[in-house]
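Me: I should like to learn how to read the features of a protein model step by step. Could we begin with the structure on display?

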Amino acid sequence: MKKIIVLALLFSSLINGQTQNGKLSGILSVDSKTSFDATFSNEEKFNVSNKKKSVFLAGVLSFAIPGAGEIYAENYYMAGLFIAVEAAAITTGLVYDKKGDDQTAFYHQYAQENWDVVRYAKWTINNLSSLNNTLKTEDYTGLFYENGTKVNWGVLNKLETDIGGWYSHKLPAFGEQQYYELIGKYPQFNAGWSDFGDENTPYKYGDPITEKFTYYSKERGKANDYYNIASKAVVVVIANHIISAVDAALSANRFNKRINLNFDLMKTAKGYEIEYYPQLNIKFMF
């Protein structure tokens, strides 16, 4: 009776094992061959490379905001450099443009307080014979009006043109940029400065110009210098955008070539057991 029970249990175990693996027959030689045939090894690769950077996008970003494309391409050193240049150039441009405006307002005010077109016109007409002896003062009777306190600009410009010689320029209309430039640039207008004298003061082209003429000329020059610096700062800003865009594109291209990262997974089956062996591969390009 005991033998029957043992045989029944053994038979049940064999049947159950065959059901579980679906292939084992219970015969040792057959099952060994089946297990060997089921053993295999293969390799599965998973690409986990860093996402490539867009060369075009990097260039566009830095053209819009210098340094932005470099940040995108992970070139942080150059990003900081371009950002610093941009900030310095913009700051310089704004500061010196403001200084130019302030200096311009200053020398304009100085001219209004110290240079007078009536004084200039009176000296010119009073010394007409020495300036051009072919001209007659009565031909310019409309030069002054309102009791000699104002000047007819059209008649004054005609007088200057008729005199010729070292009267090489016509006085631009009051308030124009050239008006403020010429009165402190050409000795022709020296007689209009308050420290010159009056219409009877002897003067000829080549005589020393007045101290106020010299001072005004220097102050006007300062304003021009300030504006020149501001203009150069604008050029730097534009150049910084262009150079940064080119550098960002190159940085993105270098980034794409610099590293190739992939992950390999080896899968091996031994009989009916599967084992995995991971492998990380990194390739640097210089």
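Reply: Let us begin with a definition: helices and strands are DSSP runs, numbered from the N terminus, with at least four residues for a helix and at least two for a strand. The model before us is predicted. In the loop between β2 (144–145) and β3 (150–151) one finds Glu146.

Me: How many helices and strands does the protein chain have?

Reply: The protein chain has 10 helices and 5 strands. Of its 286 residues, 33% count as buried. The chain exposes about 17,900 Å², and carbon and sulfur atoms supply 61% of that area. Among contacts with a separation of 6 or more, 60% are between residues 24 or more positions apart.

Me: Which sign of phi does Glu146 have?

Reply: The general idea is that most residues other than glycine have a negative phi. Glu146 is not a glycine, yet its phi is positive, about 55 degrees. With a relative accessibility of 48%, Glu146 counts as partly exposed. Glu74 also is not a glycine and has a positive phi, of about 65 degrees. Glu74 is found in the loop between α4 and α5, and it is partly exposed at 38% relative accessibility.

Me: Which residues of helix α3 are buried?

Reply: A residue is called buried when its relative accessible area is under 20%, and exposed when that area is over 50%. In α3 (residues 55–64), Ala58, Gly59 and Ser62 are buried. Viewed down the axis of α3, these buried residues fall within an arc of 95 degrees, so they line one face of the helix. The face turned away from the buried side carries the exposed residues Phe56, Phe63 and Ala64.

Me: What covers the buried residues of α3?

Reply: The cover includes α4 (68–72) and α10 (211–258).

Me: Which residues of helix α8 are buried, and against what do they pack?

Reply: In α8 (residues 153–163), the buried residues are Val155, Leu156, Asn157, Leu159, Glu160 and Ile163. They pack against α6, α7 (128–131) and β3. The ends of a helix also deserve attention. At the N-terminal end of α8, Asn152 acts as a cap, with a side-chain oxygen 3.0 Å from the backbone nitrogen of Gly154. Just after α8, Gly164 takes a positive phi of about 65 degrees.

Me: How should a pair of aromatic rings be read, and how many such pairs are there?

Reply: Such a pair is described by the distance of the centres and the angle of the planes. Rings of Phe, Tyr and Trp pair if their centres lie within 6.5 Å, and planes over 60 degrees apart count as edge-to-face. By this rule there are 24 aromatic pairs. One of them joins Tyr107 and Tyr216, with 5.7 Å centre to centre and 80 degrees between the planes, an edge-to-face arrangement. This pair links distant parts of the chain: Tyr107 belongs to helix α5 (residues 76–114) and Tyr216 to helix α10, 109 residues apart. Both Tyr107 and Tyr216 are buried. Phe196 and Tyr203 have ring centres 5.4 Å apart and planes at 90 degrees, so this pair is edge-to-face. Phe196 is buried, with a relative accessible area of 11%, and Tyr203 is buried, with a value of 11%.

Me: Over the face of which rings does Lys53 lie?

Reply: Lys53 lies over the face of Tyr72, at 5.2 Å from the ring centre. Lys53 also lies over the face of Phe255, at 5.1 Å from the ring centre.

Me: Where is Lys122, and which residues does it touch beyond those up to four places away in sequence?

Reply: Lys122 lies in helix α6 (residues 117–126), and it is partly exposed, with a relative accessible area of 32%. Leaving aside residues up to four places away in sequence, Lys122 touches Phe144, Gly148 and Glu199. Lys122 and Glu199 are 77 residues apart in sequence, while their C-alpha atoms are 5.6 Å apart in space.

Me: Is Asn200 buried or exposed?

Reply: Asn200 is exposed, with a relative accessible area of 55%. Its place is in the loop between α9 (177–182) and α10. The C-alpha atoms of Asn200 and Trp123 are separated by 6.9 Å, although these residues are 77 residues apart along the chain. The side chain of Asn200 is joined to that of Asn126 by a polar contact of 3.2 Å.

Technical notes. Residues numbered from 1 in each chain as written. Predicted model: local features only at pLDDT ≥ 70, side-chain atom pairs only at ≥ 80, totals over all residues. Heavy atoms only, no water. Buried < 20%, exposed > 50% of the residue type's maximum accessible area, 1.4 Å probe, protein only. Arc of directions from axis to C-beta. Contact = heavy atoms within 4.5 Å. Polar contact = N/O pair within 3.5 Å; in protein donor to acceptor, adjacent residues only side chain to side chain. Areas by Shrake-Rupley, 256 points an atom, 1.4 Å probe, with all protein chains shown as cover. Phe/Tyr/Trp six-rings, centres within 6.5 Å; stacked < 30°, edge-to-face > 60°. Lys NZ or Arg CZ within 6 Å of the ring centre and 35° of its normal.
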